[in-house]
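Work through the three exercises below with the sequence and the model at hand. Each task is followed by its solution.

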Amino acid sequence: MTSNWLIGMIALFVATLLPSTIRADEWHYPTPAPNGVINEPERWGGQCETGRRQSPIDLTYQAAVKGDFAPFLFSNYMNPIRNAQLTNTGHSIQIDNTDPSVTLYGGGLPGKFVLDQMHFHWGSEHTIAGVRYGLELHMVHHDSRYNSLTEAAAVKNAVAVIGVLFHVSNQDNTHMDVVLETSQDIRDAAGKSAPLKGKLSPHNLLPKNRTSYFRYEGSLTTPTCAESVIWTVFTESLPVSLDQVELFKTIHDPSGHELVINFRSLQPLNARALVYHTDMDYSGSGAIPKLSLTLIVAAIAALLAK
């Protein structure tokens with residue numbers, strides 16, 4: 001009798017936990033109105049709703065203060081990702097990196113950060129001066145002092161995310177082709193993975209100008225919305241064709257519906273500092289790029305050769 005009573009109490013306890021666990025796992029993006037506009041907020045609960053340092057935000061030059069940081073150093077970004085797998089997470093498509101030598105230094109970051117994964121949002125989560133882009137890539141890193149992204153996400157400023165924006169162009173982005181070709185094999189089933197059908201180097205998904213960017217402290221943009229992220233969003237965007245953007249929209253969510261949008265609504269800046277870094281020198285009457293020693297020597301050599 002005692003044994004049956006104990007089993008019953010355990011079953012009742014587990015039953016009370018399951019609904020909240022399922023609800024936490026089944027978060028989703030709001031459905032756009034017929035005109036494509038999202039009129040309802042996300043209802044994700046917890047820190048997603050109570051936090052004061054949430055992401056994404058609108059990046060405006062008027063709200064930013066000037067920053068001056070050391071250059072970024074992208075170590076082993078030119079190497080193709082080893083054994084790259086593409087996964088339909090149900091909320092995006094994601095490429096995981098298992099090579100700890102792919103790291104990021106500098107740029108005002110407080111140490112060395114290891115690349116964990118890259119995923120996409122269509123359209124962009126961040127906007128610049130109110131303008132939304134066709135696509136945004138997030139390169140997610142964790143501080144090398146921690147064993148994993150999960151461990152780092154519990155610590156302020158222990159996660160560094162690079163945001164790369166893509167504008168719609170007449171031309172396909174050839175580096176995106178391998179991602180989209182592979183995505184057709186996993187688009188119908190959340191949780192499904194497939195090996196990339198070609199080589200992909202993170203370097204090829206970065207803009208050439210990596211000296212102009214916004215920096216602020218924020219959060220993950222999906223539950224649990226942990227406020228542990230140092231954000232860097234480059235201002236130079238890369239091209240992507242409209243057909244390529246439309247292919248992203250064929251990815252299916254856990255309920256089997258097409259994931260038409262997967263960007264979170266803009267969050268208030270509140271009292272946070274927004275920093276804008278550029279190599280443009282505004283000390284004079286006009287904006288003058290800071291010339292490197294190499295460029296100066298090349299210019300002098302060209303003049304002497306005339």
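**Exercise 1: a small sheet**

Describe the open sheet of three strands: what are its order and its pairing?

Solution. The strand order in this open sheet is β1-β8-β9, and the pairing is mixed. Strands here are DSSP runs (E, at least two residues) numbered from the N terminus, and two of them pair if DSSP finds at least two bridges between them. Next, the edges: β1 (58-59) and β9 (131-132) each pair on one side only. Then the partner of β1: with β8 (residues 127-128) it forms two bridges in the parallel sense. Within this pair, D58 stands opposite T127 of β8.

The model is predicted; local features need pLDDT of at least 70 and side-chain atom pairs pLDDT 80 or more, while totals for chains, interfaces and linings use all residues. Residues are numbered from 1 along each chain as its sequence is written, and side-chain values use heavy atoms, leaving out hydrogens and water.

**Exercise 2: confidence**

Find where pLDDT (the predictor's confidence in each residue, from 0 to 100) is under 50 over residues of the chain.

Solution. Start with the chain: its average is 87, and 83% of the residues score at least 70. Residues 1-24 fall below 50 and have zero contacts beyond near neighbours in sequence; contact means heavy atoms within 4.5 Å. Residues 282-302 also stay under 50, with 13 contacts beyond four places in sequence. Where pLDDT is low, predicted coordinates should not be read in detail.

**Exercise 3: M139**

List contacts of M139 outside its neighbours within four places in sequence.

Solution. Among them are Y77, L115, Q117, M118, A160 and P202.

Methods. Helices (H or I, at least four residues) and strands (E, at least two) are DSSP runs, numbered from the N terminus.
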